Amino acid sequence: MRERTHPNAGFIQLSALLPLLVVFIGVAGFLTAGALDSGEKSGQFSRKTQLRADANLIAQVIAGCALAHPDGQGSGPHPAYPNRPASGLVTDLLCPGTGDSIWSGGVFYPPPPRGYGDWRYFNTFARVLIVIYGPAADQNIIDQIVETAGVRAQQPQAGTLHFEVYKP
């Protein structure tokens, strides 16, 4: 014979599962928030690594031109280093010793990270430097680059990196 069940038996079982469902939703939300946070940290690490590598590469290419042609024909304060092009962009630099693009030797100009402008170039009496402008929200990233680069790097305003190529 079939046993009779209480009319509220299903409701009682469902109400016992409700706290488990709430815990599951809470854990899923916590893990999702953690994944989003780690994704942002990964993006910051990637931008920091790229900015540091790009600054070093660009500085080495510019310095390589000056070292290869120490009697360069530049008209800037430091004649062995390229003159500042009309555009001010690193992509347009010409080696004063050859008149060729500094990027014509098989080394390619690295594109800036997302949210950043192109690298800019300055040949001043005080120094030769490259500059990149980015979002002010990346101030901490630039601070970390400045900290590891020492006197070669500065952040004069949030999101802006000045990287020294040469200082007499």
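In this predicted model, T91 lies in the loop that runs between helix 1 and strand 1. Its relative accessible area is 28%, so T91 counts as partly exposed. Once residues up to four places away in sequence are set aside, T91 touches S101, W103 and Y109. A further relation within the chain concerns F108: this residue is 17 positions from T91 in sequence, and the C-alpha atoms of the two are 9.4 Å apart in space.

The loop that holds T91 can be placed within the chain as a whole. The protein chain contains two helices and four strands, and along the sequence these elements follow the pattern α-β-β-α-β-β. Of the 168 residues in the chain, 32% are buried. Among contacts with a sequence separation of 6 or more, 56% are between residues 24 or more positions apart.

One link between separate parts of the chain is covalent. The structure holds one disulfide, formed by C65 and C95, whose sulfur atoms are 1.9 Å apart. This pair joins distant parts of the chain, since C65 belongs to helix 1 and C95 to the loop between helix 1 and strand 1, with their positions 30 residues apart. The link is right-handed, with 105° about the S-S bond. Are the two cysteines buried or exposed? C65 has a relative accessible area of 7%, under the 20% limit, and therefore counts as buried. C95 is likewise at 7% relative accessibility and is therefore buried.

From the disulfide the description turns to the nonpolar core. The largest nonpolar core comprises 29 residues, of which I62, V90, W119 and I130 touch the most other members. Helix 1 (9-68), strand 2 (128-133), helix 2 (139-149) and strand 4 (160-166) each supply at least two residues of this core. Helix 1 gives the most, with eight residues. The surroundings of W119 show how several segments meet. Apart from residues up to four places away in sequence, W119 touches L51, D54, A55 and I58, together with G88, L89, V90 and Y109, and also I130, V131, I132 and L161.

Strands 2 and 4, which contribute to that core, are also paired with each other in the sheet. The four strands form an open sheet in the order 1-2-4-3, with antiparallel pairing. Which strands stand at the edges? These are strand 1 (120-123) and strand 3 (153-154); each has a single partner strand, so one side of each is left without a neighbour in the sheet. As a general principle, strands of a sheet pair through backbone hydrogen bonds, in either a parallel or an antiparallel sense.

Within this sheet, strand 2 and strand 4 run antiparallel and are joined by six bridges. Two pairs of facing residues help to locate this pairing: I132 stands opposite L161 in strand 4, and V128 stands opposite Y166 in strand 4. L161 and I132 are both among the contacts of W119. Strand 4 is mostly covered, with six of its seven residues buried.

On its other pairing, strand 4 meets strand 3 in the antiparallel sense over two bridges. Here A153 has F163 of strand 4 as its bridge partner. Strand 3 and strand 4 make a hairpin with five residues between the strands, and in this hairpin G159 takes a positive phi near 85°.

The remaining region to consider is the approach to helix 2. D138 is placed in the loop between strand 2 and helix 2. Its relative accessible area is 5%, below the 20% limit, and D138 is therefore buried. Which residues does D138 contact, leaving aside its neighbours within four places in sequence? They are R47 and Y116. With R47 the contact is also polar, side chain to side chain, at 3.0 Å. R47 falls within the span of helix 1 (9-68), and the polar contact thus connects that helix to the loop containing D138.

Key
Residues numbered from 1 in each chain as written. Predicted model: local features only at pLDDT ≥ 70, side-chain atom pairs only at ≥ 80, totals over all residues. Heavy atoms only, no water. Core = buried A, V, L, I, M, F, W, Y, C linked by side-chain atoms within 4.5 Å. Buried < 20%, exposed > 50% of the residue type's maximum accessible area, 1.4 Å probe, protein only. Contact = heavy atoms within 4.5 Å. Pairing = 2+ DSSP bridges. Disulfide = S-S within 2.5 Å. Polar contact = N/O pair within 3.5 Å; in protein donor to acceptor, adjacent residues only side chain to side chain.
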